[in-house]
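Work through the exercises below with the coordinates open, and try each task before reading its solution.

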Amino acid sequence: MDKNDNLFIMGKNPVIEALQSERSINKIYIAEGTQKVAMNKVLVMAKERGIITQFVPRRKLDQMAETTDHQGVIASIAAYRYEDFQNLLQKVKETNGIPFFVMLDEIEDPHNLGSILRTADVVGVNGIIIPKRRSVGLTATVAKTSAGAIEYVPVTRVTNLAQTLDQLKEEGFWVVGTDASAKQSFTEVDYQIPIVLVIGSEGKGMSRLIKEKCDFIVKLPMKGHVNSLNASVAAAIMMFEVYRNRGF
């Protein structure tokens, strides 16, 4: 873990206060060998909020904190606040224009997320949706790579991507995903409808369940020797196609 990519809250009481304040927390690290009774309140509150807790060697906490004065518990917090999904959806419904969300299915590289944010700002994406688990969060590296776009493009974290897609489809959104085996080209879709563009993870692409939720699965035609594109590059091509198709 790169210490420059995270902000940390150290000590039992400060971590409890952070949990009570509803601050966005990526993960809580607890030193191995720490009595669970001593950390019971932290564990209970973290479970209630769906925050991952991980027991790690004490020396790892020493390295993260650059001190031994952490009382055996450290919370890794987001450098930037996340938008509540329901609030974001309501805001988008109240604005003019055709809604456009981008959902990232377990993107783990902070440089990819930062680049996607940068393009999303350029083309007017209403918000980025990421999962709470197995996904990079809003770190310092993401902020730097986004070149300031992180300040303007709302990012929301949800517990279940599939359920979120179900809700968005009920709200009139159409889901577009990419897959190299798709028969339809990305240029053959009319994007002048409310769109959720799904970008799969590096290497694995979209998960099976998410792929099943897609209304359209399209491919980016390629003629070279490399059979896939970097996730942020693929996302940029798709986002600009939506932008172009809408006549901007």
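The exercises that follow concern a predicted model, and they move from the sheet to the helices and then to single residues.

**Exercise 1. Establish the strand order of the open sheet and decide which strands stand at its edges.**

Solution. Begin with the order of the seven strands, which form an open sheet running β7-β6-β5-β10-β8-β11-β9 with parallel pairing. Next, look at the two ends: β7 (155-158) and β9 (184-185) each have a single partner strand, so one side of each is left without a neighbour in the sheet.

**Exercise 2. Trace the bridges of strand β8 (residues 174-178) to strand β10 (residues 195-200), and then those of β8 and of β9 to strand β11 (residues 216-219).**

Solution. Take the pairing of β8 with β10, where the two strands run parallel and are joined by four bridges; within it, Gly177 has Val198 of β10 as its bridge partner. Then turn to β11, which runs parallel to β8 and is joined to it by three bridges, with Gly177 standing opposite Ile217. Finally, follow β11 to β9, where two bridges join the parallel strands and Ser185 finds its bridge partner in Lys219 of β11.

**Exercise 3. Describe how helix α1 (residues 12-20) packs with helix α2 (residues 40-49).**

Solution. Two packed helices are described by the angle between their axes and the distance between the axes. For α1 and α2, the axes come within 10 Å and cross at roughly 25°. Since angles under 35 degrees count as roughly parallel, α1 is therefore roughly parallel to α2. The crossing of these two helices is left-handed. As for the residues involved, Lys12, Val15, Ile16, Ala18, Leu19 and Gln20 of α1 meet Lys41, Val42, Met45, Ala46 and Arg49 of α2, and sorting the contact of α1 with α2 by class gives seven nonpolar, one polar and three charged residues.

**Exercise 4. Place helix α7 (residues 161-170) with respect to the sheet, and then characterise its packing with helix α4 (residues 85-94).**

Solution. Start with the strands: α7 lies across β5 (100-105), β6 (127-131), β7, β8 and β10, and runs at about 165° to β5. On the helix side, the axes of α4 and α7 come within 13 Å and cross at roughly 25°, which makes α4 roughly parallel to α7. The handedness of the crossing of α4 and α7 is right-handed. The residues that meet are Phe85, Gln86 and Leu89 in α4 and Thr164, Gln167 and Leu168 in α7, and they divide into three nonpolar, three polar and no charged.

**Exercise 5. Decide whether Thr178 is buried or exposed, and list its contacts beyond four places in sequence.**

Solution. First locate Thr178, which is found in strand β8. Its relative accessible area is 18%, and because buried means under 20%, Thr178 is buried. With neighbours within four places in sequence left aside, Thr178 is in contact with Val198, Met206, Ile217, Val218 and Met238.

**Exercise 6. Carry out a similar analysis for Ile237 in helix α9 (residues 231-245).**

Solution. The relative accessible area of Ile237 is 32%, so this residue is partly exposed. Setting aside neighbours within four places in sequence, the contacts of Ile237 are Phe186, Leu220 and Leu229. As a last step, compare sequence with space: Ile237 and Thr119 are 118 residues apart in sequence, while their C-alpha atoms are 9.4 Å apart.

Note on methods: Residues numbered from 1 in each chain as written. Predicted model: local features only at pLDDT ≥ 70, side-chain atom pairs only at ≥ 80, totals over all residues. Heavy atoms only, no water. Axes fitted to C-alpha atoms, helices over the stretch in contact; angles between N-to-C directions. Parallel < 35°, antiparallel > 145°, perpendicular 65-115°, else oblique. Left-handed = near helix turned anticlockwise from the far one by under 90°. Contact = heavy atoms within 4.5 Å. Nonpolar A, V, L, I, M, F, W, Y, C, P; charged D, E, K, R; others polar. Buried < 20%, exposed > 50% of the residue type's maximum accessible area, 1.4 Å probe, protein only. Pairing = 2+ DSSP bridges.
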